[in-house]
Amino acid sequence: MKTSGLIIVSTLFVISFLAPYLVPHSPLEINLDRRLEGPNEIYPLGTDHLGRCLLSRLIDGTRRSIGIAVLTQAIALTIGISVGMLSGYWGGRLDFLLMRLVDLTLAFPSLILSLAIISLLGPGIQNAMIAFALVHWAFYARLVRGLVIEVKERKFIEAAVAIGVSPSRMILRHYLPNIFSSILVLASLDTGRVIFALSSLGFLGLGAQPPIPEWGAMLNEGRLLIATAPHLMLFPGLAILITVMGFNLIGEASMWRRKDVSIFHSERMLS
Amino acid sequence: MLSYLGKRFLFLIPLWLGISLIVFLFLQLTPGDPAEILLRKEGIEPTREAIEAVRRKMGLDDPPYLQYGRWIWKVVHLDLGNSYRTGEPVAKELFTRLPATLELTFASFFLMVLLSLSAGILSAMKAYGRFDRMGIALAIFGASIPSFWLGLLLIYLFSVKLGWFPVMGRGSLIHLILPALTLGFGTAVIQARLLRTSLGEVLRKDFIRVAMAKGLRRGRILLRHALPNALLPLLTTFGVVLGRLLGGAVIVETIFSWPGLGRLAVEAILQRDYPVIQGYVLLTAFIFVLINLCVDVGYRLLDPRIELGR
């Protein structure tokens, strides 16, 4: 199971890196003479309502969908790790305040809070990423805080405290390296969910805007033509399914080995 | 019990205040001067003097805490302002849309419980059997399939090709089936897995062995002895699940043109109707927190091992 997940995900990464060389046509090239064609010899997956090559758009979309997900994760992780670290390291009143902020963020259903932030910033791919990261960080903050508090008990931290290591060095050299691998594993497993969420926003017309070939936005364009050109909604959806499934397969397999992953994973699958 | 309930409600107050503070901040951050918007709506030239007069009248120059207090007072009295688009009170718009969303959410919740119960029990009956392994595959599939795609596939198959169900709209029970299935499917398969795991654990307990030794029938052991115990841990997830359904309703309502809150919110965002968005966020967060409280209380009621006092 883990192998198949790894194969899917690594293939997708290869596709996204090689996208410019793999596309048979330009993903943005409009050809009004060949609109809404089904799969044929020239266009392997057919064309959309503007005669653009669907396969090329899907391949290019791989790059965008995975790219924006990774970037969003990076923003969310940066905020989450900073807040969680401060909270776990200093404790006391700061910890209390920051954790209440986390509670508050998690008190909203996550899609709904993202919607609210997007409404302030306006629709668009960048804003969708910011909005999602501003909601998503809270999960990581809580997680990092837990890990930091766990590490705090260990002997080497005691030793570091005893020899008077400065707080900044303590955080960067002693805490961070010890929690980073766990966080990174969890975050990479979570990437499927991020792709999912960002494509939902694209689908609602609030994320990536046309003509950007993002999978969710493509589905949104295709859905109005469901009766005449079902291939337009079939393939982008399949692409999302396969991608998210790849990440989930890896997650599911790791779940049997590590308890921390397991708890996090099942919680995230539901929310 | 009563004192426990009272305590829980008291704990809700700071949470709700926090939520309202965030929503209030949101309101402050919305682009555009409310005084200017009001003037333009009434067809008055927004000169500097006119804006200043209206700002003073609306109390927009007062210190923020005063404005917050005044705003909260209005919210408590269900005065959420008027929609920029329709001019109707936001509270009225929200409450006309709320039943449709609740109908959809509860229908899919019901469907989810039904599906996950039967699938969970079937796969636990024969652990690692064919059905059980299929369940694992289905769970990963269900967690990975985007609801908006599932909805489109269902529409294509059952409405466009077979013509069994109406494509969109709300009305009779038949309108409800596809949207509810779209919304509930993802959670149902995951819940089925959780139930299967939890049932598997309970079935290894001593009291089950005793029941088997007594010679009780398998079906009876499963349903009467194991199931109630296995369901308890699932109950804690119901809060999260309902939150997911409420959020997912936004997408499903868009696909099926379901006249609920979610569609109202998406329309409002696309047209920058801030009072409606603000009301929507406030209302859903309120419901979400309330649901979580109910789940917590229900859990403690059903499981007497958990101390009520805490």
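# Exercises on a predicted two-chain model

In this predicted model, 38 residues of chain A are in contact with 41 residues of chain B.

## Exercise 1. The chain A side of the interface

Task: Determine which elements give two or more residues to the side of chain A that touches chain B, and which of them gives the most.

Solution.
1. The elements that give two or more residues are helices H3 (92-107), H4 (110-121), H7 (167-203), H8 (215-223), H9 (231-255) and H10 (259-270) of chain A.
2. H9(A) gives the most, with 9 residues.
3. Sorted by class, this side of chain A has 26 nonpolar, 9 polar and 3 charged residues.

## Exercise 2. How far the prediction can be read

Task: Find where in chain A confidence is lowest and where it is highest, and set this beside the averages for chain A and chain B.

Solution.
1. For the model as a whole, ipTM is 0.81 and pTM is 0.83.
2. Chain A has an average pLDDT of 83, and 93% of its residues score at least 70.
3. Chain B also averages 83, with 98% of the residues at 70 or above.
4. Within chain A, helix H5 (residues 125-152) has the highest confidence, at 90, and H10(A) the lowest, at a mean of 53.
5. Where pLDDT is low, the predicted coordinates should not be read in detail.
6. H10(A) is among the elements that give two or more residues to the side of chain A that touches chain B.

## Exercise 3. Composition and extent of chain A

Task: State how many helices and strands chain A has, then describe its extent and burial.

Solution.
1. Chain A has 10 helices and 0 strands.
2. The box filled by its C-alpha atoms, taken along the principal axes, is roughly 75 × 40 × 30 Å.
3. Buried residues account for 46% of the 271 residues of chain A.
4. Of the contacts in chain A between residues at least 6 apart in sequence, 67% join residues at least 24 apart.

## Exercise 4. Is chain B spread out or compact?

Task: Decide whether chain B is spread out or a compact globule, using its radius of gyration.

Solution.
1. Chain B contains 13 helices and 0 strands.
2. The radius of gyration of chain B is 25 Å, whereas the globule rule gives 19 Å for 310 residues; the value is well over the rule, so chain B is more spread out than a compact globule.
3. The C-alpha atoms of chain B fill a box of roughly 90 × 60 × 30 Å along the principal axes.
4. Chain B is divided into domain 1 (32-79) and domain 2 (97-302).
5. The C-alpha centres of these two domains of chain B are 43 Å apart.
6. In chain B, 33% of the 310 residues are buried.
7. Among its contacts between residues at least 6 apart in sequence, 71% join residues at least 24 apart.

## Exercise 5. Helix H11 of chain B

Task: Locate the kink in helix H11 of chain B, say how many residues of H11(B) are buried, and describe the residue that follows the helix.

Solution.
1. Helix H11 of chain B covers residues 238-256, and its kink of about 35° is centred on Ala249(B).
2. Of the 19 residues of H11(B), 19 are buried, so the helix is largely enclosed by the rest of the structure.
3. Ser257(B) follows H11(B) and has a positive phi, near 50°.
4. Ser257(B) belongs to the loop between H11 and helix H12 (261-270) of chain B.
5. A residue counts as partly exposed when its number of C-beta neighbours within 10 Å falls between the limits of 12 or fewer for exposed and 20 or more for buried; Ser257(B) has 13 and is therefore partly exposed.

## Exercise 6. Two further loop residues of chain B

Task: Classify Trp164(B) and Arg272(B) as buried, partly exposed or exposed, and place each in its loop.

Solution.
1. Trp164(B) sits in the loop between helix H7 (147-161) and helix H8 (173-203) of chain B.
2. It has 11 C-beta neighbours inside 10 Å, so Trp164(B) counts as exposed.
3. Trp164(B) lies 10 residues from Ile174(B) in sequence, and their C-alpha atoms are 9.1 Å apart in space.
4. Arg272(B) is in the loop between H12 and helix H13 (274-302) of chain B.
5. Its phi is positive, about 55°, although Arg272(B) is not a glycine.
6. With 16 C-beta neighbours inside 10 Å, Arg272(B) counts as partly exposed.

Terms used:
Residues numbered from 1 in each chain as written. Chains lettered and ligands numbered in written order. Predicted model: local features only at pLDDT ≥ 70, side-chain atom pairs only at ≥ 80, totals over all residues. Contact = placed C-beta atoms within 7 Å. Helix = DSSP H or I, 4+ residues; strand = E, 2+ residues; numbered from the N terminus. Nonpolar A, V, L, I, M, F, W, Y, C, P; charged D, E, K, R; others polar. Bend = angle between axes of the 7 residues up to and from the residue. Domains from an automatic or database assignment. pLDDT = per-residue confidence, 0-100. Rg over C-alpha atoms; globule rule 2.2 N^0.38 Å.
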